[in-house]
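Please open the model in a viewer and keep the sequence panel visible. The tour below proceeds by selection, with a short account of what is found at each stop.

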Amino acid sequence: MNSIQDIWEEILRSLSSRLTPTAINTWFADSVPVSLEDYRLVIRTPSEFKKKIISDRFSASIKAVLSDLFSCDFELLILVGDEEYEPDEKDDPDDFPEMAGYTFDNFIVGNSNKFAHAAAIAVAENPGKNYNPLFIYGNSGLGKTHLLWAIGHSIREHFPEKKISYIKGDDFTNELIKAIKEGKTEDFRNKHRHADLLLFDDIQFIAGKQSTQEEFFHTFNYIYEAGHQIVITSDRPPMEMSLLDDRLRTRFEGGLMADIAPPDLETRMAIARNKAARLGLLLPDSVIEYIATAVKSNVRQLEGVIKRLTAYQDILNDTITKEAVDRAIVDITVINDIPTPELIIRETANYYNLSPEDLKGVSRSREKTLGRQIAMYLMRQLTNLSLNDIGKELGRNHTTALSSIRRIEELMASDQAITIVIRDITSNITSSTG
């Protein structure tokens with residue numbers, strides 16, 4: 001059941017279990033489905049009279065069937081005759097096109113993210129009063145930015161007078177450099193410091209950049225002391241960013257820290273079903289479970305697989321089979337391939353003409369120790385492994401893994417040669433995964 005017509009026929013079959021054939025024929029024989037996307041079913045009927053009857057008598061039943069099929073709520077829009085359907089423009093604030101579509105309503109909550117979700121809602125309801133700053137951290141692709149934008153979306157809706165500033169860590173650095181070159185630092189500061197809500201994404205990218213950290217420190221203080229809200233995301237907690245200024249670390253840790261972990265199977269299934277519903281794609285439970293079982297650690301990849309399946313259906317008129325799902329999963333995971341710990345250890349060892357066993361061994365020779373530390377650093381950068389799991393891969397513990405990663409970060413900040421080594425090994429790993 002892949003097309004909108006399939007879904008409409010399923011709705012009529014369900015209605016037939018509670019309505020007479022005469023009622024079905026009278027009200028629905030000449031009604032046709034037009035669109036099913038963004039949680040809205042659009043149908044067309046020939047007269048205003050039929051529109052009123054369907055809306056008054058059957059709307060709730062149709063929505064209930066859609067809810068059963070997709071496990072989420074849908075709207076019903078009924079067109080009459082030749083009336084054109086014009087989809088609502090997506091929520092696309094002038095300054096923040098990236099915020100469109102990312103709301104609390106379409107964020108799937110599970111055990112792995114419910115604390116962060118609840119904290120984000122509390123901040124959106126009372127900005128500047130609850131949990132300031134809010135620091136959301138977790139690996140890539142788990143929903144941190146979705147929550148960040150959902151906060152902005154909610155505040156823009158309920159507090160339209162508030163000024164919102166959104167910036168990514170690397171963009172903050174680039175904008176600062178440009179402002180200094182052009183003599184426009186005051187404009188740069190005014191842009192962010194006078195915000196009622198500062199949304200700062202990927203703060204880890206400013207760690208180790210002294211002038212950037214200094215500027216952000218003053219920006220943070222300005223906004224915080226004015227009683228305005230700050231929300232920050234990162235791929236790790238402040239304590240694991242060894243090059244982060246201590247003044248910033250203490251301020252981040254003085255707010256509310258909320259982590260997002262990889263979702264469990266049940267949550268992944270709910271996410272996959274929700275993503276499919278938004279695109280008007282109804283997938284059998286067996287296919288949903290198959291996708292959720294195959295894609296374990298990255299919500300963004302789940303969404304990518306669903307989008308690829310939609311493309312197969314729309315462009316190739318392809319039936320959604322297990323083979324089509326396999327093809328979509330391969331396409332997405334190749335594009336977003338995460339290297340294995342074994343590959344990282346092997347390529348790091350190869351770079352130093354060592355064996356993987358040399359890095360896993362007990363020798364503390366300078367070359368083997370450095371290779372071991374680099375392997376741990378790259379596992380932290382390129383995979384979703386926890387510090388504990390990284391340590392285990394090389395026969396060490398959580399503490400050793402953390403100190404090794406910090407050591408490499410310090411070396412990269414002071415020694416360009418180490419940065420080049422990291423770049424070369426990373427390139428080798430990427431080539432091997434391609």
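**First stop: a salt-bridge network**

Select Lys168, Asp201 and Asp202, which are linked in a network of salt bridges. The model shown is a predicted one. Within this group, centre the view on aspartate 202, which is found in the loop between strand 6 (197-201) and helix 8. The backbone of aspartate 202 deserves inspection: phi is positive, about 60 degrees, although the residue is not a glycine. Aspartate 202 has a relative accessible area of 16% and is therefore buried, the limit for that class being under 20%.

**The whole chain**

Zoom out to display the entire chain. There are 19 helices and 8 strands, and the C-alpha atoms fill a box of roughly 85 × 55 × 35 Å along the principal axes. Of the 434 residues, 48% are buried. Among contacts with a separation of 6 or more, 71% are between residues 24 or more positions apart. The accessible surface of the chain is about 20900 Å², and carbon and sulfur atoms account for 49% of that area.

Colouring by charge gives another view of the chain. It carries 50 positive and 66 negative charges, whose mean positions are 5 Å apart. How many salt bridges does a search of the whole structure find? The search gives 19.

**Salt bridges between helices**

Select glutamate 175 and lysine 191, whose side chains meet in a salt bridge with an N to O distance of 3.2 Å. Glutamate 175 lies in helix 6 (residues 169-182) and lysine 191 in helix 7 (residues 185-193), so this pair ties together parts that are 16 residues apart in sequence. Both side chains can be viewed with the surface displayed: glutamate 175 is partly exposed at a relative accessible area of 25%, and lysine 191 is partly exposed at 41%.

Next, select arginine 247 and glutamate 214. They form a salt bridge in which the closest N and O atoms are 2.7 Å apart. Because arginine 247 lies in helix 9 (residues 246-253) and glutamate 214 in helix 8 (residues 210-225), the pair ties together parts that are 33 residues apart in sequence. Arginine 247 counts as partly exposed at 30% relative accessibility, and glutamate 214 is partly exposed at 31%.

Keep arginine 247 selected and add aspartate 245. The side chains of aspartate 245 and arginine 247 also meet in a salt bridge, at 3.5 Å from N to O. Is aspartate 245 buried or exposed? At 14% relative accessibility, aspartate 245 counts as buried.

**A negative patch on the surface**

Switch to a surface representation and select Glu48, Asp82, Glu83, Glu84 and Glu86, which form a negative surface patch. Glutamate 48 belongs to helix 3 (residues 48-70). With a relative accessible area of 52%, glutamate 48 is exposed.

**Around leucine 283**

Return to a cartoon and select leucine 283, in the loop between helix 10 (265-278) and helix 11 (285-294). Leucine 283 is buried, its relative accessible area being 7%. Which residues does leucine 283 touch, not counting those up to four places away in sequence? They are Ala276, Ile288, Ile291, Ile306, Leu309 and Ile320. A distance to leucine 302 may then be displayed: leucine 283 and leucine 302 are 19 residues apart in sequence and 14 Å apart in space, from C-alpha to C-alpha.

Now move to serine 286, which is in helix 11. Serine 286 is exposed, with a relative accessible area of 54%. Add lysine 322 to the selection: the two residues are 36 positions apart along the chain, and their C-alpha atoms are separated by 9.4 Å.

**Two further backbone features**

Select asparagine 132 and proline 133 and display the backbone atoms. The peptide bond from asparagine 132 to proline 133 is cis, with omega near 0 degrees. Proline 133 is located in the loop between helix 4 (114-125) and strand 4 (134-137).

Finally, select asparagine 353, in the loop between helix 14 (341-351) and helix 15 (356-360). Phi of asparagine 353 is near 55 degrees, a positive value in a residue other than glycine. Asparagine 353 counts as exposed, at 72% relative accessibility.

Definitions and conventions: Residues are numbered from 1 along each chain as its sequence is written. This is a predicted model: local features need pLDDT of at least 70, side-chain atom pairs count only at pLDDT 80 or more; totals for chains, interfaces and linings use all residues. Side-chain values use heavy atoms; hydrogens and water are left out. Patches are made of residues with over 30% relative accessible area and no salt bridge: like charges are joined within 9 Å, nonpolar side chains (Val, Leu, Ile, Met, Phe, Trp, Tyr) within 5 Å. Accessible areas come from the Shrake-Rupley method with a 1.4 Å probe; for residues, only the protein chains shown count as cover. A salt bridge is a side-chain nitrogen of Lys or Arg within 4 Å of a carboxyl oxygen of Asp or Glu. Lys and Arg count as positive and Asp and Glu as negative; His and the chain ends are not counted. The place of a charge is taken as NZ of Lys, CZ of Arg, CG of Asp or CD of Glu. Helices (H or I, at least four residues) and strands (E, at least two) are DSSP runs, numbered from the N terminus. Buried means under 20% relative accessible area, exposed over 50%, partly exposed in between (1.4 Å probe, protein chains only). Contact means heavy atoms within 4.5 Å.
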